[in-house]
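Please open the model in your viewer and keep the selection panel at hand, since the tour moves from a single chain to a pair of helices and then to a chain interface.

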Amino acid sequence: MVNPATLAYYSWFVPLFPLAGFLVNSLFSRFLKGGRAGYIASLSVGISFLYSLILFFIVRDNHQFAYTLKLFSFIQTAGFSIPFEFLIDSLSVTMMLIVTGVGLLIHVYSIGYMKEDERFNEFFAQMNLFTFSMLLLVMGANYLILFIGWEGVGLCSYLLIGFWYKQADYNLAARKAFVMNRIGDLGFILGIFLLFFTFGTLSFHEIFSKLEGVSSGTLTISLITLFLLIGALGKSAQIPLYTWLPDAMAGPTPISALIHAATMVTAGVYMIARSSALYVLAPFTMTLIVIIGLATALLAAVIALYQNDIKKVLAYSTVSQLGYMFLALGLGAFSSAVFHLTTHAFFKALLFLAAGSVIHALHGEQDIRKMGGLKSFLPYTYWVFLAGTLAISGIPPFSGFFSKDEILVQAWTANPLLYILALSGALLTCFYMFRLLFLTFSGENRWKPFTASPHESPAVMVIPLVLLAVLSFAGGFVNIPELFGGSASFNRLLAPALAVASGHHSLSHHTEWTLLLISLLLLAGSIALGWIIFVKMSRVPGPDGLIRPWYNRIVFKKFYVDEAYHYFFVRPYEYLSSTLFENLERNVINRIVNFTGNLAFEAGAVIRRLQNGNISFYAFVMVAGILFFFILNLIIT
Amino acid sequence: METVTTAIRIIPLEHYIILCAALFSIGVAGVLFRRNTIIILMCIELMLNSVNLLLTAFSAYHSDPAGQVFVFFIMVVAAAEVAVGLAILVMMKRNINSVDINLLNRLKW
Amino acid sequence: MTFLFYLLAAVAILTAMMVVLSRNPVGSVIHLVLCFLAIAGHFILLNAQFLAVVHIIVYTGAILVLFLFVIMLLNLNPTNEPRKTPLTRFIALIAGGLLFLVLIASLRGAMEIRAANPFNHEIGLVRDLGKVLFKDFLVPFEISSVLFISAMVGAVLLGKRDPLTKN
């Protein structure tokens with residue numbers, strides 16, 4: 001048996017391979033013909049996945065395993081030392097498995113999906129760079145390394161949203177994502193500064209060990225957690241910084257699956273879970289997280305009801321599910337949040353990739369009003385999409401059931417009102433997901449006038465879908481609660497890496513069964529409602545220009561949030577910019593700059609006459625200069 | 001011969017300094033005075049020779065042979081300079097059919 | 001001996017002035033030859049016999065003959081040389097005169113220097129100078145030969161008609 005520490009020591013292999021894949025794919029791009037770049041990228045992520053798996057078993061078998069791997073000294077000055085170090089513990093290993101595992105499947109899928117694209121190699125180079133950055137994010141043992149990965153994934157997100165940069169809209173979407181993330185990052189970096197200012201270190205272990213005896217609710221801790229929360233809100237698309245994520249669907253569908261559903265957007269959840277020791281000491285921030293998470297979950301779910309773009313629906317459902325994770329975080333159920341993160345990574349990646357398969361089959365059509373009846377044409381896609389839908393809706397025994405139920409139970413323990421709101425969000429989720437499923441795959445063909453006959457995707461795309469479907473189905477079994485005779489092994493695995501919020505008491509099994517039955521009945525009801533409306537009555541959403549009643553229009557227009565942001569932030573900013581441009585820039589700065597330029601120009605015009613090209617004159621000036629210095633010398637001595 | 005070899009003791013060093021300064025100044029004035037490039041080259045030779053003479057005078061006065069070796073090297077440089085300079089002159093005459101220094105007024109930018 | 005010095009000095013200065021003032025380039029060269037001969041005489045007065053001989057051979061024999069050749073080759077006659085404006089010429093004279101005065105004033109300090117070594121009238125002979133040249137100054141001597149070669153190559157290249165511009 002190899003020493004666990006020795007194996008953990010080589011954990012730097014994990015980010016190394018995607019980095020190597022990125023370098024090879026970007027530097028030797030022109031030599032990689034055919035699908036080679038895709039194979040290289042998938043292989044590098046695959047190796048990382050295998051190594052992550054080894055690390056996972058080490059962590060599982062050694063209780064409370066936490067290994068800090070110091071690679072080198074990153075920033076080293078007097079009284080200021082930040083090493084470049086990785087932390088291998090249950091939380092980071094879980095995240096590594098998600099990133100590399102789901103990432104691997106999406107890489108393989110992309111080989112088929114992006115086959116026709118002329119920038120195939122660049123796509124895989126950027127995917128690898130993303131995987132590398134994400135691994136840095138989850139493996140970093142201090143906030144700075146985490147932040148490097150954080151910014152790296154932000155960059156890759158920007159690049160890949162705007163991957164088809166020839167369409168102007170897509171660039172705008174990429175820019176929007178970047179700017180929104182920047183707002184969050186500012187908060188995050190302020191939080192890091194404050195952490196360093198308070199504790200004198202950025203290492204997770206050192207900070208958390210210094211928290212012993214710090215009383216709950218102090219101003220500093222609250223400020224730090226609030227700042228970090230702002231960063232998490234930006235990255236994980238929560239109110240008020242969520243509007244970038246639906247627009248981010250401009251990117252290729254595998255990107256939406258990998259970055260904007262499974263991994264990057266969960267970075268905020270990961271970061272808060274990682275900082276759980278800080279957050280349990282900040283009750284105010286925790287309350288805020290609960291409110292924000294619940295509000296986001298409900299708002300996004302309501303908006304998703306009226307979306308007609310297959311990817312937009314999934315995007316809003318992502319926002320909504322992230323809201324559930326935040327709810328769990330705010331309730332102090334950090335392991336539940338990470339568990340939901342894990343299952344969500346499976347089923348949301350599955351849903352996105354299946355949606356990609358539909359889009360692929362319909363030659364780029366994304367409007368569900370122009371789909372329908374695809375069940376017989378895309379059998380595999382239909383079944384895996386159904387699996388994903390069942391999972392996200394929380395139907396037992398699919399994975400989403402276990403993770404969502406855990407959160408609902410936590411909500412009930414905290415406050416029954418929270419439970420009711422969270423459950424209504426879950427019902428909405430169930431309804432709009434089945435709406436999506438029925439509109440896409442059931443009913444009559446509405447795509448006939450628009451596209452040629454759809455075809456099932458190639459095996460390279462279907463196999464990852466099937467694997468993800470299996471994971472979506474079985475992913476919940478790692479954490480069967482005690483209620484069903486399980487041992488909640490996932491929670492116990494994560495327990496050493498997470499702090500425990502005080503004041504939790506478990507429910508009686510009787511109450512749990514009641515809650516479970518109520519929620520299942522309601523879910524079944526909402527599925528039935530969806531079936532009646534969209535299958536039985538064959539309702540199809542009206543065209544965009546349709547005049548709707550006001551309550552309907554507000555939702556269809558996504559509560560005018562984008563417009564409000566435009567009105568309250570963009571417009572004043574533009575006004576300020578143009579005012580400054582007119583007054584300060586034109587009248588002050590331009591004049592100063594022009595004056596300086598003109599001064600040099602005029603001086604040059606005068607001095608230029610000295611340089612008339614006449615050699616005799618030059619010789620004379622030379623003699624005069626020599627004379628001048630001789631005389632100067634005589635005067636001085 | 002004895003009288004010649006001791007001449008250095010009779011003639012003071014400042015006489016040589018004045019003579020050489022005069023020759024050098026005449027050379028400089030000539031460079032500024034004339035427009036014919038070949039005369040300018042000659043004036044440069046004159047300046048070099050005045051320096052040679054002064055170096056030799058100091059060398060003899062101090063009984064140090066290094067000064068005379070330097071004169072030797074200056075002659076080498078002067079010969080090389082004249083060879084290149086005259087070649088440029090020939091080319092100039094061939095290209096613009098003149099040796100007027102004022103026509104070479106492109107040395108501006 | 002003092003008389004001989006003044007005679008040679010007078011000849012050197014007069015011929016030097018004639019070099020500048022002569023309208024005919026050939027006349028300038030002839031005066032320059034005389035000037036250089038006077039300087040060679042000064043070398044003899046200074047016990048630099050070797051330099052005197054070399055000076056006559058190199059300057060009078062080679063360089064000035066080269067000047068003469070070039071003048072005749074290019075067919076420079078006095079009439080085709082434009083003169084500078086009187087103001088420029090006046091400025092040139094003033095500059096030369098000023099330079100003379102300033103040089104004298106600057107070298108004033110050198111007149112008080114006392115001889116560093118005991119008097120030796122043999123340093124200018126070929127034997128002694130050769131020893132110094134090939135012992136202490138061997139490397140510069142060799143490098144100067146490189147300079148010569150490059151100057152020669154340069155002169156040949158410049159003198160050649162450029163095949164591109166010819167057409």
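Begin by selecting chain B of this predicted model, whose elements, followed from the N terminus, run α-α-α-α-α. Chain B thus shows 5 helices and 0 strands. If you colour chain B by burial, buried residues will make up 58% of its 109 residues. Turning to contacts in chain B with a separation of 6 or more, residues 24 or more positions apart account for 48% of them.

Next, select residues 143–161 of chain A, which form helix α6(A), together with residues 168–199 of chain A, which form helix α7(A). The axes of these two helices come within 9 Å and cross at roughly 175 degrees; because angles over 145 degrees count as roughly antiparallel, α6(A) is described as roughly antiparallel to α7(A).

Which residues should be shown as sticks where α6(A) meets α7(A)? On the α6(A) side, display Y143(A), F147(A), W150(A), E151(A), G154(A), S157(A), Y158(A) and I161(A). These meet, in α7(A), Y170(A), A173(A), A174(A), A177(A), F178(A), N181(A), D185(A), F188(A), I189(A), I192(A) and L195(A). Coloured by class, the contact of α6(A) with α7(A) has 14 nonpolar, 3 polar and 2 charged residues.

Finally, bring chain C into view beside chain A, where 8 residues of chain A are in contact with 6 residues of chain C. On the side of chain A that touches chain C, colouring by class will give 7 nonpolar residues and 1 polar residue, with no charged residues.

Notes: Residues numbered from 1 in each chain as written. Chains lettered and ligands numbered in written order. Predicted model: local features only at pLDDT ≥ 70, side-chain atom pairs only at ≥ 80, totals over all residues. Contact = placed C-beta atoms within 7 Å. Nonpolar A, V, L, I, M, F, W, Y, C, P; charged D, E, K, R; others polar. Helix = DSSP H or I, 4+ residues; strand = E, 2+ residues; numbered from the N terminus. Buried ≥ 20, exposed ≤ 12 C-beta atoms within 10 Å, placed from the backbone. Axes fitted to C-alpha atoms, helices over the stretch in contact; angles between N-to-C directions. Parallel < 35°, antiparallel > 145°, perpendicular 65-115°, else oblique.
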